[in-house]
Every structure is written in C-alpha cells, then in structure tokens.
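Reader: I would like a close look at a single part of this protein, with the strands and their partners taken one after another. Please begin with one strand and its two faces, and then move on to the sheet.

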Amino acid sequence: MHTRHRLAYIFLILFQMCLLVSAQDDDEAASENDIAINQYHKKLTPNMPETSLNDVLKPLVRELRHNEVNIHLLEEATLVEPLQGLEAFSEHEPEGIQFSESVPPPSEQTCQYVFTVPQSPHCSGVDTEDRMSEMQIAFRNLQGQMTVQRKRIDFAEGIIRKFRSVVYQRREGHGSNPTQRPTRPEPTTGSASRGNEASKALEHLSEYLQVQLSNLDIQIDDSERIRWKLEEDNRNLTRLTSQQTMRIHNLTEANVLLHETVMSLQRDLDTARRENTAVAESNRLLTLQKTDLEESSGLLAQRLGKLSLANEKMGNEIISLKTDAVLLRHANQQIRQNATTRIRELRTLLSKSNPTGAKPKHCADVISGPKDEMEENFPNYTHCGRLISVGQPETVRESKRTILRKVGVWMRDPLAPPGSHRIWAIIIIGKKIRKLMQYYNMSNFQSYSPEARYDLPVPIESNGAVVYNGSLYYQRRNSRKIVRYVIGSNKAPKERALRRAGFHGMFAYSWGGYTDIDFAVDETGLWVIYSTRQNRGNILVSKINPVTLRIIKTIRTTIPKVKVANAFIICEVLYTVSSYSAENARINYSFDFNTKNRTKMDIPFANFYRFNTMIDYNPRDRHIYSWDSGRQVRYLTSVDDSKGEIRNDGRRLSTTTS
C-alpha cells in the first residue's frame with residue numbers, strides 16, 4: 001500500500017514540475033492552464049477560496065508523506081514478521097514452525113504461542129492470547145487507516161483524471177478551433193516547440209503513471225489476498241489455540257482423575273495390606289488350632305479305643321441280660337400259669353364251699369374301694385381293629401380357673417407297670433412352659449394335689465405331648481426338634497430335629513396353639529403327626545424309635561392338617577376330628593397306614609364345652625383323653641377285631657394281621 005502512495009506522490013511532484021516548466025516557457029499556455037485549473041477547482045470545491053493548484057496539492061502531499069511514514073512504521077512493527085512467520089508456516093511447516101506438545105517451563109525465554117518460531121526476535125514471553133489480541137487490534141487499525149488512505153488516493157486520482165481530461169480538451173480545442181483562443185500575441189517558435197515537448201512529456205508521464213497505477217492495483221489485489229490469507233491464518237491460529245486450550249483442559253481433568261485413581265488404588269492397597277495381615281494372623285491362629293486339634297484327635301482316638309473296649313464289655317453284658325430276661329420271662333409265664341391253675345382251684349373250692357353264691361364279707365371292701373383303683377382292672381383287650389363308635393364325654397375334673405387353665409394336656413402311660421395309677425398334666429400358659437405335674441392317682445388329680453413337680457430341661461411348644469414307657473415326648477419351643485425327657489431325671493434330654501417339619505404355627509390344627517407337631521400312641525408304638533411344605537401341608541405320620549428318636553417309617557396322607565381340629569391313631573389307622581368348637585362334631589376321615597386308603601367317616605364326637613384343644617388315644621384303657629375349655633374329659637371307644645389279635649406281655653403291645 002505504501003508503494004501506491006509513493007507513486008502518487010511522485011506523480012504530483014512531476015506534475016507540478018511540468019507545470020512550472022510550461023509556465024516559464026509559455027506564459028500564455030500557463031495562464032490558460034491556470035485559468036482552466038482554477039475553474040475546474042471552483043467546480044470541484046465551490047466553497048473553497050480561489051487558490052492555485054499548488055496551494056491545494058501542497059497540504060495533500062504533506063499529509064500523504066506523513067501517512068506514508070506512519071503506514072510504513074506500522075507495517076514494519078506489526079505485519080512484516082508475523083506475515084513472514086505465517087508464510088513460513090504455510091510453506092515450510094515441518095522446518096519453520098513446530099507445535100509444542102506442552103507448555104515450556106517459565107525459565108525458558110520462548111514465545112507462549114501454540115507454535116514456536118525458532119530464534120524469533122519478536123518473542124517476548126507474552127501469552128498467546130494477549131499477542132493475538134494485540135495483532136487483531138493492529139489489523140483493525142491498519143484496515144481503518146488503509147480505508148482512509150484509499151479514499152484519499154481515489155479522490156486524488158479523480159482530480160488527476162479530471163485535470164488530464166481538461167488538458168486534453170484544451171489541446172484538442174486549441175488545435176481544431178484556433179479562432180476560439182483569446183486574443184494574445186503570437187508566441188515565438190521556440191516557445192511553441194517547448195510547450196509541445198512539455199505536453200508530450202506530460203503525456204508520456206501520464207501513460208507511465210497509468211502503467212504504474214495498474215501495477216499498483218495488481219499489488220493492491222495481491223495485498224488483499226495476503227490480507228485475506230492472513231485473516232484465514234489468524235482464524236486457524238485461533239481455532240488451534242482453542243483446541244490446544246481444550247486439550248490442556250482435558251489433560252488437566254485426566255490428570256485429576258488419574259490422581260484420584262492412584263489415591264483410590266493406594267487406599268485399596270493399604271486395605272489389602274491390612275487384610276493380608278489379618279489373614280496371616282488368622283492363619284497363625286488356625287495353625288495353632290490345627291496343632292491343638294491334632295493333639296485332641298490323638299486323645300480322642302485313645303478314648304475311642306477305650307470306649308470300644310467298654311462297648312464290647314457292655315455288649316456282652318447286654319447279651320447276658322437278654323438271656324436272663326428270657327429266663328425270667330419263662331419263669332413269669334410258669335408263675336402265671338401256676339397262679340391261674342391255683343385261682344381255678346380256689347374258685348372250684350369256693351363254689352363247693354358256698355353253693356348259694358353269697359360273697360365273703362372281706363370281699364365287700366375290695367369291691368367298694370377307690371374309683372381309680374377299680375379302673376385299673378381294665379378289660380382284657382385281645383384284638384385290634386377299626387374304630388366303631390365314641391361314647392359320650394365324661395368330665396373327670398373341673399377347672400378352678402378356666403381362663404388360666406384353658407389349654408393343657410393330661411395323660412397316662414400305656415406301658416406303666418401293673419398297679420401304677422399315676423397321671424401327668426401340663427398347663428400350657430406362658431412363653432416358657434417347663435412345669436410337669438405328677439399325680440399319684442385319680443383322687444389326687446381331681447383334688448389338684450400333685451405328687452411331684454418336674455422342671456423340664458427345655459421349654460415345651462404346645463400340648464401335643466405324650467407319656468410313653470416312663471418318658472415324656474414333646475416338641476421344643478419355637479423349633480422343629482422333638483425331645484425325650486426321662487421323668488424324674490435331671491439329665492439333658494435326647495433331642496432330634498424332625499426334618500423339614502413345620503413349627504410355630506406353620507401347619508397347626510385349625511384351633512391354633514402352635515400344634516404343628518403332635519405325638520400319638522397306639523397299640524403298635526410311638527407316632528408323630530406333622531406336615532411339611534414338600535407335602536403341601538398334608539398330614540405326615542412317622543413312627544419314632546422311643547430311645548433314639550429316629551424315624552422308622554413315614555406315611556404320607558392326603559388330608560390337609562390345617563383343616564382338621566385334631567387327630568389320633570388307633571391300630572395304625574389315623575382318625576381326624578372335624579371341629580374343636582362345634583358341640584356335635586364328627587370324626588370325618590380315616591387313613592389306613594397299611595392300605596394307604598383314605599375313607600370318609602361320620603362318627604359323632606361331642607364337644608360339651610366348645611373348645612376342645614387336646615384329643616389323644618390311650619391303648620391301655622381304650623379311652624380318648626381330651627382338654628375341653630379347661631376341663632379334663634375322656635371318651636370310651638369301641639374297636640372291632642378286624643386287624644387281628646394283640647399279644648400283650650405287660651411291657652410291649654403289638655398286633656398280628658388276621
């Protein structure tokens with residue numbers, strides 16, 4: 001842009017020189033030119049005073065010189081080196097400029113640009129963004145000044161073009177119409193020739209200046225392209241700076257995350273070290289325990305050896321006792337036969353001595369003895385079969401406090417020795433029930449006069465307990481374990497879990513009371529009535545070994561346990577009661593363990609007091625014992641002989657199928 005200014009300035013100087021020369025050579029032509037210029041100047045600037053062309057052009061020339069100097073200094077200060085750097089960047093990217101991957105340390109005196117110009121004297125350590133801002137401000141100032149200068153140059157070019165057109169018109173008018181020239185003295189031949197030469201020189205100068213102006217326009221276009229490229233490079237530089245800033249930001253965030261990850265891993269490592277220390281300590285303790293266990297295993301092996309010897313001795317003693325028992329049984333049978341023969345002989349003698357049938361006086365006391373002693377003379381049941389009927393309930397004892405004694409269990413031992421009249425009872429009130437009451441006979445039971453009170457080692461769950469062969473069998477509280485307690489002993493009871501059995505109300509009878517596990521006794525042994533989820537809540541009946549509490553066999557029924565009021569067993573047949581509160585309830589179903597047949601029945605069963613919570617069968621006297629709303633009641637049953645003969649040796653009851 002400054003080249004164009006220089007050319008304009010040269011053109012004006014030469015134009016003034018030509019005017020001066022022509023004025024000296026041809027006063028007439030000069031005066032005419034001055035008149036034409038002044039007239040044209042008046043047309044262009046009507047408000048300006050009439051002055052000569054020199055007075056108009058001199059200030060313009062001085063201003064052009066001043067602006068030329070300022071533009072030249074500005075270009076040297078702001079454009080030359082950045083433009084050279086950008087051209088080097090666009091043409092020689094690998095060699096001229098290298099992008100920096102990281103910010104150099106503060107100690108190094110390098111430019112804070114996205115790219116680094118090696119050995120560049122304009123580097124001052126200023127930040128890239130500040131430098132770009134300064135460049136943008138300089139570009140805007142330069143554009144403004146260039147616009148102003150372009151307007152002024154255009155104005156000067158317009159004046160020159162109009163001046164040249166006036167000159168050409170004057171020349172053409174002077175040559176074609178000489179009569180129009182003012183009346184002046186004829187110029188000399190030398191003056192005319194010099195004027196023509198000046199005109200020709202002026203024409204050549206004008207043509208030369210036109211060529212220079214064309215070249216200047218080309219240079220201006222090149223400068224515009226360079227400026228456009230510079231602006232494009234500036235935008236690229238801004239974009240690269242933004243990308244680099246974003247990358248630095250991302251790297252900072254990644255560094256923070258990496259630091260947090262390292263800290264987390266450090267904490268995990270510390271935790272793992274502590275856990276490793278704890279594991280090492282546990283291993284040490286386990287090693288010590290292993291040593292102790294090995295020592296204990298050695299001692300246990302020695303004790304097992306001693307126990308095996310003791311078991312062998314005990315086995316020999318058991319064999320000897322069995323032999324003695326067989327001999328004693330034979331002796332008892334012989335004694336019984338002798339006693340029977342003796343009784344028959346006495347009866348024969350008595351009938352001969354008292355033919356009228358009168359009874360001796362001493363027999364009256366025996367006949368009118370206590371009621372419970374008379375009940376020990378049970379009928380001689382010789383056959384086993386199905387239930388035919390149930391008699392009307394007999395109230396044995398009224399409750400003194402019905403509410404506190406509403407639920408309970410009372411029972412007799414079906415395998416009690418001859419002459420035993422004991423009764424046992426448990427009041428099921430409270431959370432931890434452990435009191436077992438023992439009564440010597442029926443009179444004591446009716447008068448609430450217990451012979452003894454026993455504390456059970458573990459609490460009882462419900463009233464599904466029975467007494468069998470001197471032991472109490474019951475369910476442990478809130479557990480599926482069944483317990484055997486030897487009455488009168490303080491030893492720990494025998495316990496065994498009833499596998500998968502429901503407990504604590506899962507499969508209770510319809511009246512509730514946590515009666516999930518209910519013991520029962522019949523002519524063949526000890527049974528337990530319960531249910532499981534696997535059997536879908538239907539009744540399961542298992543025969544139990546009275547000593548080890550192991551299951552001998554299990555019978556699955558199709559009777560839902562929660563839909564019956566209670567159940568009992570007679571001669572390996574399960575019977576269920578329809579209701580615990582209906583006064584005229586029924587024995588509605590039976591299930592034969594041998595045939596696996598379920599039979600619908602309709603045997604009346606009366607609930608006098610409308611809350612019957614305990615129903616157990618005793619094979620010794622064939623009575624059903626029940627606890628009805630705090631009263632102790634029993635029912636006499638009738639059983640046929642369809643299942644065969646019963647062998648009764650006084651301690652064991654069994655049946656043989658017919």
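Author: In this predicted model, strand β6, which spans residues 408-411, is covered on both of its faces. Gly408 and Trp410 lie on one side and Val409 and Met411 on the other, and all of these residues are buried, a word that stands here for a relative accessible area under 20%. The partner of β6 is strand β7, residues 423-427, and the two pair in the antiparallel sense over four bridges. Within that pairing, valine 409, one of the buried residues of β6, has isoleucine 426 of β7 as its bridge partner.

Further along the chain there is an open sheet of four strands, which are arranged in the order β14-β15-β16-β17 and paired in the antiparallel sense. The edges of this sheet are formed by β14 (518-522) and β17 (551-560), and because each of them has a single partner strand, one side of each is left without a neighbour in the sheet. On average, neighbouring strands of this sheet are turned by 25° against each other, if direction is ignored. At the β14 edge, five bridges join that strand to β15, residues 525-531, and the two run antiparallel; among the partners in this pairing are aspartate 522 and, in β15, glycine 525.

As for the setting of these parts, the protein has nine helices and 26 strands, and 36% of its 658 residues count as buried. Among contacts with a separation of 6 or more, 56% come from residues 24 or more positions apart.

Technical notes
Residues numbered from 1 in each chain as written. Predicted model: local features only at pLDDT ≥ 70, side-chain atom pairs only at ≥ 80, totals over all residues. Heavy atoms only, no water. Buried < 20%, exposed > 50% of the residue type's maximum accessible area, 1.4 Å probe, protein only. Contact = heavy atoms within 4.5 Å. Pairing = 2+ DSSP bridges. Axes fitted to C-alpha atoms, helices over the stretch in contact; angles between N-to-C directions.
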